[in-house]
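Good morning, and thank you for joining. I should like to take you through one protein model, moving from its overall composition to a few selected regions.

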Amino acid sequence: MTGLHDTIVAVATAPGAAGVAVVRVSGPDARSVAGRVAGALPEAGRFAFAKFRNPSTGEVADEGLVLSFAAPRSYTGEDVVELQGHGGTVAPRRVLESCLAAGARLARRGEFTERAFLNGKLGLDEAESLLDFINAKTDRAADAALAGMEGARKRALRETYDAIVDLAAAIENALDVDESELLGAFFNGLQTGLDAIRLGIDGQIRREREGAILREGALVVLAGPPNAGKSSLMNALLRQERAIVSSTPGTTRDTIEEWLDVEGWPVRLVDTAGLRETEDAIEAEGVRRAKSLAERADVVLALDCDIEGAVRVHAKCDLGPGEGIAISSLTGEGLPELRRAIAARLDALRERCDDSHQGEASVVPALTECRALLPVNFDDLVLSANALRAASSRLAPEIGADYSSDILTRLFSRFCVGK
């Protein structure tokens, strides 16, 4: 995190053919830099039309709109000026070069969002949710990311923390009273509160694990012998001719991967080589890769074969009976049932998702440790109060802003330049 007092610039829109491209300038000299390129600038919150000139050559680079934002009422919390010119490749590059010539520095990946975080415009979990929102491949993933951007995770953590502290305070107040004078209703109330805290933590952990699946996509692998209908099923699920279909065994030798929306879950659907013994070196490598993917998959669709833990599928039901979910890739019969079966497996996956797939701002470790620190019962009020204090202390850093520099570097480097 060097050069945080520099004025930075980058193209904030995706490259390629487009009607408009945005070049964003942020920092203490943003207005001065933009002024050398666009001339007189509009007041904050206003826009104006201008010609963009390279101050080194005086030549016109492009023309368009200038928008001005004054600190702290901007995305980064700094003075920000956006130069909105024509899209494509050449025009935004020319405007960017003009801003560099005017004294700005090219921004690093994610540096605008990093500055927004450091200036208190958003928290670390909100920054990661923003990245998830940008990369979302389904509405469900987008909705989950949007909830994170709006602070849903932080509110849930705060509610859990406050509930634990309130329970500890109730016990500590009761320690001034002879325990024999405490009524059964008091202990029942403690137990009810503790049960509610546990349920709340379990729900938060499930949502965090669901977020990991929504962020990375679930790996769903089609596996089975040659001519079992794997490629046809992939095409039917995608509703496009993505994989080559042939009656010749061994047509698919390498893996074919595409994204698929299954009941709101983003899925990485992979077609693999037919599982069989072969002397062909290339096909044998394809079989090896198919087995490796099946071992790592979140869900395996086993077509006319037995694979432990897989969803059994008979993909040519129009040609005769078989075991598992009956599918006809030709007519579409059974496809809705198969989609529901995949979604059900992913729903169950939330309960056992590997926590190593969580993002940099994941609170699963803290929640898991907090839950383990909670008292089992209230047989000893002093020990129970100490346990609750320890549990609340484990959550306290997650509510504050105690983030290490290496976590920040890893997170913000995942953003594109200009964001």
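I shall begin with the whole chain, then turn to the sheets, the cores, a helix and the surface.

Please keep in mind that what you see is a predicted model. The protein has 419 residues, and 45% of them are buried. Its secondary structure consists of 13 helices and twelve strands. If we take the contacts with a separation of 6 or more, 63% are between residues 24 or more positions apart. The accessible surface is about 20,500 Å², and carbon and sulfur atoms account for 51% of that area.

Let me turn to a sheet. In what order do the six strands of the open sheet lie? The order is E8-E9-E7-E10-E11-E12, with mixed pairing. E8 and E12, the latter being residues 325-326, are the edge strands; each has a single partner strand, so one side of each has no neighbour in the sheet.

Strand E7, residues 218-223, deserves a closer look. With E9 it pairs in the parallel sense over five bridges. Within that pairing, Val220 has Leu269 as its bridge partner, and Leu219 stands opposite Arg268. E7 also pairs with E10, again in the parallel sense, over four bridges. There, Leu222 stands opposite Leu301.

How many of the six residues of E7 are buried? The count is six of six. Ala218, Val220 and Leu222 lie on one side, Leu219, Val221 and Ala223 lie on the other, and both faces are covered.

This brings us to the nonpolar interior. As a general point, nonpolar side chains in soluble globular proteins tend to be buried together. In this model the largest nonpolar core has 33 residues. Leu233, Leu269, Leu301, Val313 and Leu338 have the most contacts inside this core. Several elements each supply at least two of its residues, among them helix H7 (184-216), strand E7, helix H8 (230-238) and strand E9 (265-271). Which element gives the largest share of this core? H10 does, with seven residues.

Leu269 has already appeared twice, as the bridge partner of Val220 and as one of the core residues with the most contacts. Setting aside neighbours within four places in sequence, Leu269 is in contact with Val220, Leu222, Met234, Leu237, Leu238, Ile256, Glu257, Glu258 and Leu260.

There is also a second, separate core of 22 residues, including Ile164, Ile171, Ile201 and Val363. Two of these names return when we consider Cys370, which is located in helix H11, residues 364-373. Is Cys370 buried or exposed? Cys370 counts as buried, because its relative accessibility is 0%. Residues up to four places away in sequence aside, Cys370 touches Ile164, Ile201, Ala391, Arg394 and Leu395. The contact with Ile164 spans the chain: the two residues are 206 apart in sequence, and their C-alpha atoms are 10.0 Å apart in space.

Next, a short helix. H3 covers residues 111-118, and seven of its eight residues are buried. The buried residues are Glu111, Phe112, Thr113, Glu114, Arg115, Ala116 and Phe117. Charged side chains may catch your eye in that list, and the list includes Glu111, Glu114 and Arg115. After H3 comes Gly120, with a positive phi near 75°.

I now move to the strands towards the start of the chain. Strand E2, residues 16-26, and strand E5, residues 80-88, run antiparallel and are joined by eight bridges. One of the pairs there is Ala21 with Gly85. E5 also pairs with strand E4, residues 60-69, in the antiparallel sense, over five bridges. In this second pairing, Phe69 stands opposite Val80.

Finally, the surface. Which residues make the nonpolar patch of about 340 Å²? They are Phe47, Phe49 and Leu65. Phe47 is found in strand E3, residues 47-53. Phe47 counts as exposed because its relative accessible area is 58%, and the cut-off for that term is over 50%.

To close, I would recall two points. E7 has six of its six residues buried and pairs with both E9 and E10. Phe47, by contrast, is exposed and belongs to the nonpolar patch with Phe49 and Leu65. Thank you for your attention.

How values were computed. Residues are numbered from 1 along each chain as its sequence is written. This is a predicted model: local features need pLDDT of at least 70, side-chain atom pairs count only at pLDDT 80 or more; totals for chains, interfaces and linings use all residues. Side-chain values use heavy atoms; hydrogens and water are left out. Buried means under 20% relative accessible area, exposed over 50%, partly exposed in between (1.4 Å probe, protein chains only). Contact means heavy atoms within 4.5 Å. Accessible areas come from the Shrake-Rupley method with a 1.4 Å probe; for residues, only the protein chains shown count as cover. Patches are made of residues with over 30% relative accessible area and no salt bridge: like charges are joined within 9 Å, nonpolar side chains (Val, Leu, Ile, Met, Phe, Trp, Tyr) within 5 Å. A salt bridge is a side-chain nitrogen of Lys or Arg within 4 Å of a carboxyl oxygen of Asp or Glu. A nonpolar core is a set of buried Ala, Val, Leu, Ile, Met, Phe, Trp, Tyr and Cys residues joined through side-chain atoms within 4.5 Å. Two strands pair if DSSP finds at least two bridges between them.
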